[in-house]
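Biologist: Can you walk me through reading a few local features in a model? Let's pull it up and start with how open a side chain is.

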Amino acid sequence: RTVKDMEIIFAFGFTMPGIPFIYYGNEIGMKQLPTSWPQVEGAYQPRNGARTPMQWSPAKNLGFSTADAHKLYLPVDPDADAPNVAAEENDPSSLLNKTRRLINLKHTEPALANYAEFVPLFAQPNTYPFVYARANGDDVAIVMLNPSGCEASASFSVNVPFGNTALLAGDSVSITNNNGNVSLTMPAQSYSIVKLIK
């Protein structure tokens with residue numbers, strides 16, 4: 001999976017009803033490591049490969065511990081480009097900071113509240129994009145997800161009058177509104193979360 005894949009997955013998770021969950025390390029893009037690595041405490045393959053130590057910095061053992069490497073519960077990612085918190089902290093476009101922005105949206109946008117209304121707008125079998133609205137009173141957000149490798153378009157109706165949209169997170173998407181008949185085109189592997197403006 002790529003960083004963009006993870007962004008789209010998080011955008012989906014943080015805009016659906018209910019309480020989202022992130023397994024540690026996913027927010028920085030930690031990788032699934034080889035199934036040939038040590039199997040500890042009866043863990044089955046490939047479970048261990050997703051449970052390696054948290055990668056805090058480029059320091060020894062990626063900042064997890066100053067112990068000798070052979071004393072760690074599991075080895076750390078040996079790749080020179082292994083993601084770590086310290087590096088992503090300073091990069092506004094990092095997966096870590098994009099995830100933090102999505103968490104903030106979940107907390108601050110009434111339309112994305114846990115129990116806000118969920119309305120599928122465009123959901124067709126075996127095709128993209130997947131488009132849905134979240135609504136809480138007068139606050140309405142539209143979420144558009146296109147994880148495919150191709151540009152995708154959709155047309156649907158929105159029964160809430162609006163004159164414009166404000167991008168809350170993700171990619172810019174071409175949206176046309178003709179008296180509630182909405183059409184949009186999304187780039188390949190993209191997502192967009194917009195707020196409807198009356």
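Biologist: Is F12 buried, exposed or partly exposed?

Modeller: Buried means under 20% relative accessible area, exposed over 50%, and partly exposed in between (1.4 Å probe, protein chains only). F12 has a relative accessible area of 35%, so F12 is partly exposed. F130, at 23%, is partly exposed too.

Modeller: Some ground rules: this is a predicted model, where local features need pLDDT of at least 70, side-chain atom pairs count only at pLDDT 80 or more, and totals for chains, interfaces and linings use all residues. Residues are numbered from 1 along each chain as its sequence is written, and side-chain values use heavy atoms, leaving out hydrogens and water.

Biologist: How many aromatic pairs does the structure hold?

Modeller: Rings of Phe, Tyr and Trp (its six-membered ring) pair if their centres lie within 6.5 Å; planes under 30 degrees apart count as stacked, over 60 as edge-to-face and the rest as tilted. The structure holds 6 such pairs. Among them, F12 and F130 have ring centres 6.4 Å apart and planes at 55°, so that pair is tilted.

Biologist: Which residues form one aromatic cluster with F12?

Modeller: F118, F130 and Y132 join F12 in one cluster.

Biologist: And S192, buried or exposed?

Modeller: S192 is buried, because its relative accessible area is 1%. A polar contact is a pair of N or O atoms within 3.5 Å; within protein, one must be able to donate a hydrogen and the other to accept it, and residues adjacent in sequence count only if both atoms are side-chain atoms. Here the backbone oxygen of D171 lies 2.9 Å from a polar atom of the S192 side chain.
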